[in-house]
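Reader: I'd like a close look at one part of this model, going slowly through who pairs with whom. Could you walk me through it?

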Amino acid sequence: MQLEGRTILVLGGAGLVGLAVCRELLAQRPGRLLICSLRREEVDEALAVLRRQFPDSPAQLLGVHGNVFVRTELKDTPREGLLADRRCRRMILEDTLLPLTEEVLQRSFLYRLLVEHRPHAVVDCVNTATALAYQDLYRSAQEVLEHLDAGHGIETFRHVIEKHLCTLYTPQLVRHIQILYEGLRRAGSEVYIKIGTSGTGGMGLNIPYTHSEERPSRMLLSKSAMAGAHTLLLFLMARTPDAPIVKEIKPAAAVAWKRIGFGPILRGGRPIPLYDCPPQAAVDLEEEPDLGASREFAPLGEGEPHVLRSVFIDTGENGMFSRAEFEVVTTLGQMEFVTPEEIARHVRFELQGIASGHEVLTALDHACMGPTYRAGVLRQAALRRLEALEREHGVASVAFEMLGPPRLSKLLFEAELLRRVRGTVARILESSPAALAEDCAAEIERNQSLRTEILSVGIPILLPDGRRLLRGPRMVIPAAWDTAEPTPERRERWAEEGWVDLRERNFQAWQRRFRSIREEIEGIDREDTSSRHDRDLDYWNVAGEINIGKVLGWLFIAEERGLRMKA
């Protein structure tokens, strides 16, 4: 990708790696460089630094701030404030746990950022795994258990349960990826590069660095779990045909450093106040079993003279380290370290289409086993044996609703009905939609065996009048969380997702599909005997009875956009 004159968005651009990425990219003369970070002051500081260091850059430097994991309305509210407010908690739960809708997309800060600025490339330096895992699901679960044991009132318990649901890591990560994918796709972005993490600085389960948790730390391992899950979701996005080019650089070492100096030591952006406890004020462990937690502790004084000041090395998001701490962490055989400039250089290489040798998703592509020649040969033998058994036992093996989604079962049964009442593509297209609906409904009424098979696997049958529904004890659609009143809008969605639909307009849709298949068949050059076509004339068996498996395989590629990109 040519970077000159392009618009590039750097998420987490004011951080240690983000700032190094911005410096590396500014040297390539982009048209616009948009920096996004959590807090306004850090964005303003980063912009000031870059303007001072690149006074002659032609790039338009822009800044925006806010939390990319929440809706725009909540982007500037600290996490503690969000969890303390019932209305905000409800918003988070709706945006995270309910189905992804256009409304959820439109109110997402990340989505709005992408579609409004339409970056050609996005470099994501946000430490997503840390942001999710350090919400501390374990402490939240402990609070829930304590409230259960204490038997507190419903309002108190509601507060605790809602907070706990808001800390669930996986739903937040899944929703983040869904919004990211839609935003990148609709913005027309060409490349997305993630700066990931191993979660342990490249060390194993024996990592000795924790925040006073057990070893190995559950929170730290949760961070690694989120980092791994994030990589696999990006791996899937990279295999999605209409997604941008997706890459990930994953440092497996400590990342350092931003600056070295002397001054106030900051924790969470605030100076550490100085406290004292002289020997005469020692906690008596026999008399104070709470370890003195009930005492009031006052700092030594107000202002900078009464905060911790020392020599430090600033490692960005990982905080300030003392000289000794830095020496320990970077000791040969510990985390060691990598510089942000080296990471930024690899990012630039990948943006420009130069193989850095450190791109994780490509490595996974090469390491994963894909489809094999042997499996392709044996597939034909398996299909022949299955077809022979169908003939032997006089059954059609259509769908058991175990593969999912229910839409696949619904479509297979509808295609099977069409095969039974018409047989060939030509006869289906010669019929009127009304006649197809009538004959398929008659087949359902006449053929108890087929009817009971459909209903027993959990697929209801909507009769041609659109009012009456045949069903068994189990219905896959609507799902358990969505058993609301069957309004016309919901009925349409349910029929689309997982009901055999015998209405006339559904057979109009099937005729459109078969016309597309016929057009594909007619577009095949009968003189072309090369390997060009995946589906040739022999595959379709033009004059013969339709094969519902082949029809649905085509449909999931052509209509459901389910094409597998890579072998």
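How many residues apart are E182 and R185 in helix 10, and what does that separation come to in helical turns?

Author: Happy to. Keep in mind that this is a predicted model. E182 and R185 sit 3 residues apart in helix 10, which means that about one helical turn separates them. An α-helix has 3.6 residues a turn, so residues three or four places apart point the same way. For your pair, the outcome is a salt bridge, with the closest N and O atoms 2.8 Å apart.

The two partners don't have the same surroundings, though. E182 counts as buried, because its relative accessibility of 11% falls under the 20% cut-off. R185, at 28%, counts as partly exposed.

Right next door in the sequence is R186, and its side chain meets that of E102 in another salt bridge, also with an N to O distance of 2.8 Å. This one is not a within-helix affair: R186 belongs to helix 10 (residues 169-187) and E102 to helix 5 (residues 102-107), so the pair links distant parts of the chain, 84 residues apart. Both ends are partly exposed, R186 with a relative accessible area of 30% and E102 with 36%.

Now put the pieces together. E182, R185, R186 and E102 belong to a network of salt bridges that also takes in D242 and R561. Across the whole structure, the search turns up 47 salt bridges.

For a comparison, try K410 and E414. They form a salt bridge too, with the closest N and O atoms 2.9 Å apart. Here the spacing is 4 residues, within helix 16 (residues 406-421), and again that is about one helical turn. In this pair, both K410 and E414 are buried.

While we're on helices, helix 2 (residues 40-53) shows how buried and exposed positions can be laid out. Helix 2 has 14 residues and reaches 20 Å from first C-alpha to last, close to the 20 Å expected at 1.5 Å a residue. Its buried residues are V43, A46, L47, V49 and L50. Those cover an arc of only 165 degrees around the axis, and that is why they end up on the same side of helix 2. The face turned away from the buried side carries the exposed R40, E41, E45 and R52. As for what the buried residues pack against, that would be helix 1 (16-26), strand 2 and strand 3 (60-65).

Strand 2 (residues 32-37) is where you'll find S37, a buried residue with a relative accessible area of 6%. Beyond its neighbours within four places in sequence, S37 is in contact with a list of residues that includes G12, G13, A14, G15 and, from the helix 2 buried set, V43.

Finally, a look at strand 5 (residues 191-195), which starts after helix 10 ends. All 5 of its 5 residues are buried, so strand 5 is largely enclosed by the rest of the structure. Both faces are covered, with V191, I193 and I195 on one side and Y192 and K194 on the other. Strand 4 (residues 121-124) runs parallel to strand 5 and is joined to it by 4 bridges, and D124 stands opposite K194. Strand 6 (residues 245-249) is parallel to strand 5 as well, joined by 5 bridges, and the partner of V191 there is I245.

Technical notes: Residues are numbered from 1 along each chain as its sequence is written. This is a predicted model: local features need pLDDT of at least 70, side-chain atom pairs count only at pLDDT 80 or more; totals for chains, interfaces and linings use all residues. Side-chain values use heavy atoms; hydrogens and water are left out. A salt bridge is a side-chain nitrogen of Lys or Arg within 4 Å of a carboxyl oxygen of Asp or Glu. Helices (H or I, at least four residues) and strands (E, at least two) are DSSP runs, numbered from the N terminus. Buried means under 20% relative accessible area, exposed over 50%, partly exposed in between (1.4 Å probe, protein chains only). Contact means heavy atoms within 4.5 Å. The expected span of a helix is 1.5 Å times one less than its number of residues. The arc is that of the directions from the helix axis to the C-beta atoms. Two strands pair if DSSP finds at least two bridges between them.
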